[in-house]
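This report is an introduction for a reader who is meeting the structure for the first time. Please keep the sequence and the 3D view at hand while reading.

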Amino acid sequence: MNPVMAPQKTRPAGTVATAPRAARAPRREVDDRTAREAGRDTVVSARGVVKRYGTGDAAVAALRGADVDLRRGEFTAIMGPSGSGKSTLMHILAGLDSPTEGSVTIDGVEIGRLKDRELTKLRRDKVGFIFQSFNLLPTLTAQENIVLPLTIAGRKVDQRWLADLVETVGLADRLTHKPSELSGGQQQRVAVARALVGRPAVLFADEPTGNLDSKTGDEVLGLLRRSADELGQTTIMVTHDAHAASVADRVLFLKDGEIVQDRSRMTRGEIYDVMKSLEVQR
Ligand SMILES: Nc1ncnc2c1ncn2[C@@H]1O[C@H](COP(=O)(O)OP(=O)(O)O)[C@@H](O)[C@H]1O
Ligand SMILES: [Mg+2]
């Protein structure tokens, strides 16, 4: 087994930021219901999340009251027709966007209560992102891109972890290359390593295989699957590809801004059938 995927004794419990506060002021019964429900096994939780864009006649409800708990170590896929609210939900769960109504808790912290700076820090310390378009900096080498989140945060690079990650994603001989000198699959593997380098409590991926051919896409999916299995990496992936979603432990289906099905591991055929029925109902 690759060393990076060996079970970590020192998993980032992710309690660093909240522990001192909890020690000073015990949680109040009523106000912290969401935080309490988001107990040990829940990393991200949403309650009554509504997102509206615009006002009056032009208002669009992208989300209409989503409730969801994302459990530690679980690999969840978010599926749904185009425009059903997948990206909106993911951005809100990741603290990139704020809901019009409702609350979101990440690793025990209700993010609506945070100031901008605190939220930025929480995202930086607890959340990893992978985007469809890789989002690498063109002037930096692969290695510089991978460690960028730590560089920005002024955090030390754990050289062993970095070496393990690089080996796992198969980039050992590409570290000095710029993104333009790498294939799409290699660029996305850089992005996966960058997302994991800070050992995030939760990893979000928005259509991570959307720009890749099926073979390279499978490599990236395999990488995400192994990081969930062997590192216990909590992962949330938005996709409209039934094959990609069949790699996940759990599939949430959105339609018109609502979670209409919440299912455990499904085959590609089962996912395809649900998607077809959701498209037909439109
Ligand atoms: N910034 C925005 N302004 C106005 N409407 C938006 C905005 N972002 C998303 N929407 C609308 O919200 C709905 C959900 O969008 P989105 O979350 O991107 O769906 P999906 O990712 O499932 O395709 C769509 O109707 C979309 O047009
Ligand atoms: Mg989208």
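## A buried leucine in strand E2

In this predicted model, Leu-70 counts as buried because it has 23 C-beta neighbours inside 10 Å, and a residue is called buried once 20 or more other C-beta atoms lie within that distance. Leu-70 is placed in strand E2.

When its neighbours within four places in sequence are left aside, Leu-70 is in contact with Thr-42, Val-43, Val-44, Thr-76, Thr-234 and Ile-236. A distant part of the chain is also brought to this place, since the C-alpha atoms of Leu-70 and Thr-235 are separated by 8.8 Å although the two residues are 165 residues apart along the chain.

## The chain as a whole

The protein chain contains ten helices and ten strands, and of its 282 residues 41% are buried. Among the contacts in the chain with a separation of 6 or more, 70% join residues that are 24 or more positions apart.

## The surroundings of ligand 1

Which residues are found around ligand 1? They are Tyr-53, Gly-54, Val-60, Ala-62, Gly-80, Ser-82, Gly-83, Ser-84, Gly-85, Lys-86, Ser-87 and Thr-88. Two elements, strand E2 (60-71) and helix H3 (86-93), give two or more residues each to this shell. The largest share, three residues, comes from H3, and by class the shell has three nonpolar, eight polar and one charged residues.

Helix H3 is itself mostly covered, with six of its eight residues buried. Those buried residues are Lys-86, Thr-88, Leu-89, Met-90, Ile-92 and Leu-93. After H3 comes Gly-95, a residue whose phi is positive, near 75 degrees.

## Helix H7 and its partners H5 and H8

Two packed helices are described by the angle between their axes and the distance between the axes. Helix H5 (residues 142-153) packs with helix H7 (residues 184-196) at an angle of about 30 degrees, and their axes are 7 Å apart. Angles under 35 degrees count as roughly parallel, and H5 and H7 are therefore roughly parallel to each other. Their crossing is right-handed. On the side of H5 the contact involves Ala-142, Asn-145, Ile-146, Leu-148 and Pro-149, which meet Val-190, Ala-193 and Arg-194 in H7. By class, the residues of this contact divide into six nonpolar, one polar and one charged.

Helix H7 also packs with helix H8 (residues 214-231), and here the axes come within 9 Å and cross at roughly 15 degrees. H7 and H8 are therefore roughly parallel to each other, and H7 passes H8 in a right-handed crossing. In this contact, Gly-184, Gly-185, Gln-188, Arg-189, Val-192 and Leu-196 of H7 meet Thr-216, Glu-219, Val-220, Leu-223 and Ser-227 of H8. The contact of H7 with H8 has four nonpolar, five polar and two charged residues.

## Helix H6 against H7

How is helix H6 directed relative to H7, roughly parallel or roughly antiparallel? Helix H6 (residues 159-169) and H7 pack at an angle of about 150 degrees, with 10 Å between their axes. Because angles over 145 degrees count as roughly antiparallel, H6 is roughly antiparallel to H7.

The crossing of H6 and H7 is right-handed. It is Leu-165, Val-166 and Val-169 of H6 that make the contact with Arg-189, Val-192, Ala-193 and Leu-196 of H7. The residues of this contact divide into six nonpolar, no polar and one charged.

## Two aspartates with positive phi

Asp-107 has a phi near 50 degrees, a positive value in a residue other than glycine. Asp-107 is placed in the loop between strand E4 (101-106) and strand E5 (109-110), and it is buried, with 26 other C-beta atoms within 10 Å.

Asp-256 likewise has a positive phi, near 45 degrees, in a residue other than glycine. This residue lies in the loop between strand E9 (250-255) and strand E10 (258-264). With 17 other C-beta atoms within 10 Å, Asp-256 is partly exposed.

Methods
Residues numbered from 1 in each chain as written. Chains lettered and ligands numbered in written order. Predicted model: local features only at pLDDT ≥ 70, side-chain atom pairs only at ≥ 80, totals over all residues. Near = placed C-beta within 6 Å. Helix = DSSP H or I, 4+ residues; strand = E, 2+ residues; numbered from the N terminus. Nonpolar A, V, L, I, M, F, W, Y, C, P; charged D, E, K, R; others polar. Axes fitted to C-alpha atoms, helices over the stretch in contact; angles between N-to-C directions. Parallel < 35°, antiparallel > 145°, perpendicular 65-115°, else oblique. Left-handed = near helix turned anticlockwise from the far one by under 90°. Contact = placed C-beta atoms within 7 Å. Buried ≥ 20, exposed ≤ 12 C-beta atoms within 10 Å, placed from the backbone.
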